[in-house]
Amino acid sequence: MAQTKRRRRSKHRGTPAGTIETRGRTGRPPSAEERKKQTRATTREQRLNRPPTWRSSITRALIAAAIVFIFMIVVSKGKNRVVSAVAFTAVALIIYIPAGYYLELMLYRRRQRKQAAGGSRSGRAGK
């Protein structure tokens, strides 16, 4: 009896985060949507694998402080609300810069440990 032809299996591609992607048929080039999904995943990995910097923490703290300043101008009452808003914003800025940096550093180190341990799951819960 003649032997039946078995279909070739497409290979699974592993990403640096440990997830496994199947591309479907390997004989055809990926569609524009598949390329976009791959690009999005690789840029996310690059962004998450970059160590935090003081510059990014300062930028994030400045944005948060600007929001706090606007909030304080709108909410506070009295003659010198601008002065109190500036003072409160300065204190918030002094707290936000190191807090943001060390929070990002902690998350970065945890992500790196999980990746080094061969974490097959990505960092998001419920995926």
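A residue is called buried here when its relative accessible area is under 20%, exposed when that value is over 50%, and partly exposed in between. With that in hand, welcome to a predicted model of a protein chain with three helices and two strands. By that yardstick, 17% of the chain's 127 residues count as buried. Helix α3 takes up much of this briefing, followed by two of its buried residues and then the surface.

**The chain as a whole**

- Following the sequence, you meet the elements in the order β-β-α-α-α.
- Take the contacts between residues at least 6 apart in sequence: 59% of them join residues at least 24 apart.
- The chain exposes about 10,900 Å², and carbon and sulfur atoms account for 59% of that area.

**Helix α3**

- Helix α3 covers residues 81-116, which makes 36 residues.
- From its first C-alpha to its last, α3 reaches 51 Å, close to the 52 Å expected at 1.5 Å a residue.
- If you trace α3 on screen, look for a bend of about 25 degrees at Tyr96; a proline, Pro98, follows within four residues.
- The buried residues of α3 are Ala85, Thr89, Ala92, Ile97, Gly100, Tyr101, Leu105 and Tyr108.
- These buried residues pack against two other helices, α1 (32-48) and α2 (54-75).
- Just after α3 comes Gly118, with a positive phi of about 80 degrees.

**Two buried residues of α3, up close**

- Thr89 sits in helix α3 and has a relative accessibility of 12%, so it counts as buried, the cut-off being under 20%.
- Leaving out neighbours within four places in sequence, the contacts of Thr89 are Ala65, Val68 and Phe69.
- Tyr108 is also a residue of helix α3, and its relative accessibility of 17% is why it counts as buried.
- Which residues does Tyr108 touch, not counting those up to four places away in sequence? They are Leu48, Asn49, Arg50, Pro51 and Pro52.
- One of these partners, Pro51, is 57 residues from Tyr108 in sequence, yet their C-alpha atoms are 6.4 Å apart in space.

**Helix α2 and the surface**

- A nonpolar patch on the surface is formed by Trp54, Ile58, Leu62 and Tyr102, which together have about 410 Å² of accessible area.
- Helix α2 gives the most to this patch, with three residues.
- Ile58, one of the patch residues, lies in helix α2.
- Is Ile58 buried or partly exposed? Its relative accessible area is 36%, so Ile58 is partly exposed, a class that runs between the 20% and 50% cut-offs.
- Val75 belongs to helix α2 as well, and with 45% relative accessibility it counts as partly exposed.
- Val75 and Ala85 are ten residues apart along the chain, with 9.6 Å between their C-alpha atoms.
- Ala85 is among the buried residues of α3, whereas Val75 is partly exposed.

Methods
Residues numbered from 1 in each chain as written. Predicted model: local features only at pLDDT ≥ 70, side-chain atom pairs only at ≥ 80, totals over all residues. Heavy atoms only, no water. Expected span 1.5 Å × (residues − 1). Bend = angle between axes of the 7 residues up to and from the residue. Buried < 20%, exposed > 50% of the residue type's maximum accessible area, 1.4 Å probe, protein only. Contact = heavy atoms within 4.5 Å. Patch = residues over 30% accessible without salt bridge, like charges linked within 9 Å, V, L, I, M, F, W, Y side chains within 5 Å. Areas by Shrake-Rupley, 256 points an atom, 1.4 Å probe, with all protein chains shown as cover. Salt bridge = Lys/Arg side-chain N within 4 Å of Asp/Glu carboxyl O.
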